[in-house]
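Trainee: Could you take me through the reading of a model like this one, feature by feature, giving the general idea before the particular case?

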Amino acid sequence: MRIISGTYKRRKIIAPKNLPVRPTTDMAKESLFNIINNLYYFEDISVLDLFAGTGNISYEFASRGTENITCVDQNFNCIKFINKTAETFEMPIQTIKSDVFKFLEKATIKSDVIFADPPYNFSDEQFANIPEMVFSNQLLKENGLLIVEHSKHTDLSKLNNFSYSKGYGGNVFSFFELN
């Protein structure tokens with residue numbers, strides 16, 4: 001995995017093979033960040049990265065100047081890897097080791113961008129719980145955006161607050177906004 005743009009552009013990050021992750025591809029990540037770049041100034045936003053895995057998305061935000069980034073993942077080794085990488089590159093990333101759904105039940109932090117990359121084999125109900133919990137707990141700031149990454153075999157377009165989706169190969173990003 002590599003960082004595409006910003007301070008750490010072209011830096012490669014090698015994740016341990018034992019992490020239970022599926023990092024977002026460089027092509028999909030570059031396309032996603034082109035969309036986000038047209039909506040926000042990276043240095044002015046706060047980001048919540050759910051199912052953070054390797055921290056791939058958070059590193060990209062940090063490299064582009066975002067200073068308020070929180071990663072949530074239930075896997076201890078993923079959190080350990082994110083902490084180590086953030087320390088190595090002096091990135092402003094905080095981590096929380098928690099089941100994402102338990103975190104969302106109690107979370108009080110509001111973010112401009114919430115990115116969720118759950119396992120692709122989640123049930124439709126599990127996928128639906130993510131935007132439901134984000135919006136019912138009012139975790140997005142005004143003009144905020146929830147982005148859920150999923151496979152092309154999952155359709156989130158019928159969920160409340162769905163705005164649009166963009167597909168890149170087998171990856172799809174579904175965007176949700178306050179109506």
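Trainee: Which residue stands opposite Leu-50 in β4?

Mentor: To read strand pairing, follow one residue to its partner on the neighbouring strand. In this predicted model, Leu-50 stands opposite Ala-116 of β4, and the two strands concerned, β1 (residues 46–50) and β4, run parallel and are joined by four bridges. Ala-116 also has a bridge partner in β5, namely Val-148, where β4 and β5 again run parallel, joined by five bridges.

Trainee: How many residues of β4 are buried?

Mentor: Burial is read residue by residue and then gathered over the element. For β4, six of its six residues are buried, so the strand is mostly covered.

Trainee: In what order do the strands of the sheet come, and which of them stand at the edges?

Mentor: The idea is to list the strands by their neighbours in space rather than by their numbering. Here seven strands form an open sheet of mixed pairing, in the order β3-β2-β1-β4-β5-β7-β6. At the edges stand β3 (93–97) and β6 (162–168), each of which has a single partner strand, so that one side of each is left without a neighbour in the sheet. From one strand to the next, the twist averages 15 degrees.

Trainee: How do β6 and β7 pair, parallel or antiparallel?

Mentor: The sense of a pair is read from the strand directions, and β6 pairs with β7 (residues 171–176) in the antiparallel sense, over six bridges. One position to look for is Ser-165, whose bridge partner in β7 is Ser-174.

Trainee: Which helices lie across the strands, and at what angles do they run?

Mentor: For a helix on a sheet, one asks which strands the helix covers and how its direction compares with theirs. Helix α3 (residues 76–89) lies across β2 (68–73) and β3, and runs at about 165 degrees to β3. Helix α5 (residues 124–136) lies across β4 (111–116), β5 (140–151) and β7, running at about 175 degrees to β5.

Trainee: At what angle do α1 and α2 pack, and which residues meet there?

Mentor: Two helices are described by the angle and the separation of their axes, and then by the residues in contact. Helix α1 (residues 26–37) packs against helix α2 (residues 56–63) at an angle of about 45 degrees, their axes being 12 Å apart, and the two are therefore oblique to each other. The crossing in which α1 passes α2 is right-handed. On the α1 side the contact involves Lys-29, Leu-32, Phe-33 and Ile-36, which meet Asn-56, Ile-57, Glu-60 and Phe-61 of α2. By character, the residues of this contact divide into five nonpolar, one polar and two charged.

Trainee: What covers the buried residues of α2?

Mentor: Once the burial of an element is known, the next step is to find its neighbours. In α2, eight of its eight residues are buried, and what covers them includes α1, β1, β2, α3, β3 and β4. Beyond the helix, α2 is followed by Gly-65, whose phi is positive, near 110 degrees. As a single example, Ser-58 belongs to helix α2 and counts as buried because its relative accessibility is 0%. Apart from its neighbours within four places in sequence, Ser-58 is in contact with Asp-49, Ile-69, Cys-71 and Ile-93.

Trainee: Which residues does Val-47 touch, and is Val-47 buried or exposed?

Mentor: For a single residue, one reads its element, its accessibility and its contacts in turn. Val-47 lies in strand β1, and with a relative accessibility of 2% Val-47 counts as buried. Not counting residues up to four places away in sequence, Val-47 touches Phe-61, Thr-66, Asn-68, Ile-69, Thr-70, Ser-111 and Val-113. Thr-70, in turn, lies in strand β2 and is buried, at a relative accessible area of 9%. With residues up to four places away again left out, the residues that Thr-70 touches include Leu-48, Asp-49, Gln-94 and Ile-96.

Trainee: How far apart are Asn-77 and Pro-16 in sequence and in space?

Mentor: Separation along the chain and separation in space are read as two values. Asn-77 and Pro-16 are 61 residues apart in sequence, and 9.1 Å apart in space from C-alpha to C-alpha. Asn-77 is found in helix α3, where a relative accessibility of 34% makes it count as partly exposed. Leaving aside neighbours within four places in sequence, Asn-77 is in contact with Asn-18 and Leu-19.

Terms used. Residues are numbered from 1 along each chain as its sequence is written. This is a predicted model: local features need pLDDT of at least 70, side-chain atom pairs count only at pLDDT 80 or more; totals for chains, interfaces and linings use all residues. Side-chain values use heavy atoms; hydrogens and water are left out. Axes are lines fitted to C-alpha atoms, for helices over the stretch in contact, and angles run from 0 to 180 degrees between N-to-C directions. Angles under 35 degrees count as roughly parallel, over 145 as roughly antiparallel, 65 to 115 as roughly perpendicular and the rest as oblique. A crossing is left-handed if the near helix is turned anticlockwise from the far one by less than a right angle, and right-handed if clockwise. Contact means heavy atoms within 4.5 Å. Ala, Val, Leu, Ile, Met, Phe, Trp, Tyr, Cys and Pro count as nonpolar, Asp, Glu, Lys and Arg as charged, and the others, Gly among them, as polar. Two strands pair if DSSP finds at least two bridges between them. Buried means under 20% relative accessible area, exposed over 50%, partly exposed in between (1.4 Å probe, protein chains only).
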